[in-house]
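Hi everyone, thanks for coming. I'd like to walk you through one chain today, and I'll start with a small puzzle for you to solve on screen.

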Amino acid sequence: MNTAFQWISATTNHVRGWSWIKRLLTFIALLAFLASTFLFYTPLGTQIRIFLAETVITTQHREWAWIFVGAEKRDEMVRKLQGQSDEHAKEKQDLSAVKFDKDRPIDELVKVKDVSGEFWKGKMMYVYDPRSIRVVVPDKVGEGERITSMVNRTGAVAGVNGGGFVDPEGLGNGFAPIGPIISGGELLYIDQDGNVPQHIVGFTKEGTLVIGKYTYPELQKMGISEAVMFYPRVIANGKPLITSGDGGWGRGPRTAVGQRADGTVIFVVVDGRQAHSVGATLREIQDLLLAEGAINAGFLDGGASSELVYNGELVSKPSSRYGERRLPSAFLVFDHPETVKNKRIWDGLDKIDAGGSYDHPDYQAELKANQQKKTTTTPSSTKKETEEPTGTGSGKGTGTGSGTGSGSTSGAGTGTGTNGTNNSTNAGGKSSTTTKSGDSTTQSTDKDSTKSTTGTQKEGTTGTGTSGTGTSAGTDSGGDSATPDKTAPGSKTGTGAGTSTGASSGSGTTSDKTGTGTPAAGSGAAVPNTDKAGTSTGTGAGASGGAGTSTGTGTGVNTGSVSGNGTSTGGKTTTTSPQAESGSNPTPSATGEPAGTTTKP
């Protein structure tokens with residue numbers, strides 16, 4: 001005993017020395033071990049796992065039930081549920097059991113009230129004349145219709161969801177029904193040979209509720225006027241069909257229909273998968289309808305499709321995160337059902353698209369909104385910042401000439417470049433940079449901001465332009481430049497540093513002396529280079545000349561304007577700068593066809 005106490009004490013002291021993260025992870029691991037042991041090695045845990053699997057099987061994500069019971073057990077459970085539904089549908093219905101009350105007041109058509117159970121809440125609607133119930137389908141080809149829309153479009157008093165449909169990812173468009181749809185005695189849709197028995201919920205032209213598995217010829221013989229496909233049947237000729245267990249479908253949103261012997265139809269719509277209502281079992285709804293005096297009852301489509309509309313308003317709370325779903329059919333109640341006409345929207349269609357996430361409008365809008373949130377950047381809080389377009393790139397060519405000089409330089413040169421990339425840094429006041437790639441243009445102009453422009457280039461087309469001659473002061477080492485310096489003209493002084501890396505072909509003149517010079521002030525107008533002929537004027541620093549291939553770096557103070565002529569071969573590149581104000585303005589160099597994006601932090 002003392003040894004055990006000492007071990008517990010030592011372990012406790014040891015754990016106290018752990019970091020809080022280590023203690024948390026250990027607690028989670030221990031909790032998972034205990035929960036797994038309970039769920040998989042105790043009878044009660046096994047019952048819980050089976051119940052959870054049954055609940056998942058009745059959703060659009062049936063395959064996930066393997067998490068609780070394994071794939072083999074899941075498939076066995078699905079076969080058992082299907083076999084049970086088929087077995088309950090076998091008993092033929094006694095159509096003479098319903099005796100309609102013909103003395104009911106004409107102004108009493110429907111009544112809606114709240115109902116609830118231990119884990120669920122919902123609505124119950126009484127329809128006192130079953131002949132007022134009609135099946136209604138969507139009004140246009142390509143998608144289902146929300147019940148509120150159907151009710152308002154047709155002038156119905158109320159409506160509930162109807163039959164099942166193909167529902168990819170739980171985001172189907174509601175236009176691909178399963179089983180037959182009959183309205184006004186007309187077969188509007190059927191997805192297989194009419195001689196194959198299918199589960200149906202419907203009404204005869206006299207108003208008798210019929211639930212079971214029938215062929216289409218049998219339905220015609222019985223005089224079925226309204227019908228959709230769904231199951232299971234839970235009350236047959238006054239007898240409950242679920243006598244043990246909860247029905248095997250777990251808890252969830254439900255829509256069910258039953259009929260009393262006097263002809264009154266009872267619709268039940270239960271909310272589910274929500275905090276205020278987890279959902280009901282089949283057994284709970286069966287027992288509720290039995291208590292209401294139903295002699296025949298069965299279920300309509302449930303889950304996220306379950307809903308009730310009354311007086312034009314949705315009075316239930318569907319579990320879909322997008323609210324009401326688009327559906328292929330509904331049972332609607334009318335004051336004058338004989339006036340209802342449905343369009344034959346499925347006639348002539350060779351293929352029906354069931355939809356999915358790719359064309360779901362609400363899902364796509366949500367996806368787009370999330371993407372915009374990820375790409376949106378927060379503007380800088382700095383009031384005055386420097387705009388700095390930058391780019392990286394490389395070019396290739398050949399050239400002759402070398403030298404170092406200062407003072408006045410004039411000359412003209414011709415150069416070629418292929419597959420180049422813009423490498424420029426420009427810091428200063430008001431500036432505008434336009435970059436073209438193919439047929440797309442990204443333009444940004446910002447007076448007081450910091451901006452980064454990065455571009456890559458494609459092979460350019462040939463363009464011609466006129467470069468200039470003028471006066472510069474500073475020190476420059478390098479060869480000819482195939483692209484003239486382009487600095488905005490103006491009467492104000494700017495200082496800058498630029499680096500030119502690459503090769504060019506051309507010729508020019510330069511002084512082989514070293515010295516300093518004072519440039520004269522001047523003015524000029526900037527004309528952007530284009531992919532065709534054009535003229536550019538501006539101020540610049542640097543000189544070229546000599547023979548050979550060179551790489552150089554130059555600094556200088558630029559004032560005034562330079563004008564001249566020359567020929568340049570390159571891509572679709574346009575760099576435009578308005579008048580420069582006082583500040584640092586290194587000369588950009590452009591070659592090729594940059595394609596880039598502009599980001600603003």
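Which residue stands opposite Val333 in S17? Have a look before I go on. It is Ala158 that stands opposite Val333 in S17. Before we build on that, please keep in mind that this is a predicted model.

Let's stay with S17 for a moment. The strand covers residues 330–333. Ala330 and Leu332 point one way, Phe331 and Val333 point the other way, and all of these are buried. That fits a familiar rule: in a regular strand the side chains alternate between the two faces of the sheet.

Now for the partners of S17. Strand S4, residues 158–161, runs antiparallel to S17, and 4 bridges join them. Strand S3, residues 133–136, also pairs with S17 in the antiparallel sense, again over 4 bridges. On the S3 side, the residue to find is Val136, which stands opposite Ala330 in S17.

Let me zoom out. The chain has 601 residues, and buried residues make up 42% of them. There are 9 helices and 32 strands. Among the contacts with a separation of 6 or more, 77% are between residues 24 or more positions apart. For those of you who think in surfaces, the accessible surface comes to about 30,300 Å², and carbon and sulfur atoms account for 53% of it.

Next, charges. Side chains of opposite charge can pair when their charged atoms come close. How many salt bridges does the chain have? The count comes to 21 salt bridges, and I have picked a few to show you.

Take Glu226 and Arg134, whose side chains meet in a salt bridge at 3.0 Å, N to O. The pair links distant parts of the chain, with Glu226 in strand S9 (residues 224–228) and Arg134 in strand S3, 92 residues apart. So here we are back at S3, the strand that pairs with S17. Are these two side chains buried or exposed? Glu226 has a relative accessible area of 3%, which is under the 20% cut-off, so Glu226 is buried. Arg134 comes out at 11%, so Arg134 is buried as well.

A second pair is Lys239 with Glu91, where the closest N and O atoms are 2.9 Å apart. Lys239 sits in strand S11 (residues 239–240), while Glu91 is in the loop between helix H5 (71–88) and strand S1 (110–116); the two are 148 residues apart. Lys239 is partly exposed, with a relative accessible area of 41%, and Glu91 is partly exposed at 28%.

A third pair is Lys113 and Glu292, with the closest N and O atoms 3.8 Å apart. Lys113 lies in strand S1 and Glu292 in the loop between helix H8 (282–291) and strand S14 (294–299), so this pair ties together parts that are 179 residues apart in sequence. Here the partners fall into two classes: Lys113 is partly exposed at 32%, whereas Glu292 is buried at 18%.

There is also a network of salt bridges, and its members are Asp139, Glu145, Arg153 and Lys343.

Now some backbone details, for those who like to check their dihedrals. Where is the cis peptide bond I want to show you? It joins Tyr231 and Pro232, with omega about 5°. Pro232 is in the loop between S9 and strand S10 (233–236).

In the loop between S10 and S11 we find Asn237. Its phi is near 50°, a positive value in a residue other than glycine. Asn237 is partly exposed, at 26% relative accessibility.

Asn311 also has a positive phi, near 55°. Asn311 lies in the loop between strand S15 (308–310) and strand S16 (313–314). With a relative accessible area of 55%, Asn311 is over the 50% cut-off and therefore counts as exposed.

Finally, a word on confidence. The chain averages a pLDDT of 72, and 61% of the residues score at least 70. Over residues 380–601, though, the pLDDT is below 50, and beyond near neighbours in sequence this stretch has 459 contacts in the model. Where pLDDT is low, the predicted coordinates should not be read in detail.

That's my tour, and I'm happy to take questions.

How values were computed: Residues numbered from 1 in each chain as written. Predicted model: local features only at pLDDT ≥ 70, side-chain atom pairs only at ≥ 80, totals over all residues. Heavy atoms only, no water. Buried < 20%, exposed > 50% of the residue type's maximum accessible area, 1.4 Å probe, protein only. Pairing = 2+ DSSP bridges. Contact = heavy atoms within 4.5 Å. Areas by Shrake-Rupley, 256 points an atom, 1.4 Å probe, with all protein chains shown as cover. Salt bridge = Lys/Arg side-chain N within 4 Å of Asp/Glu carboxyl O. pLDDT = per-residue confidence, 0-100.
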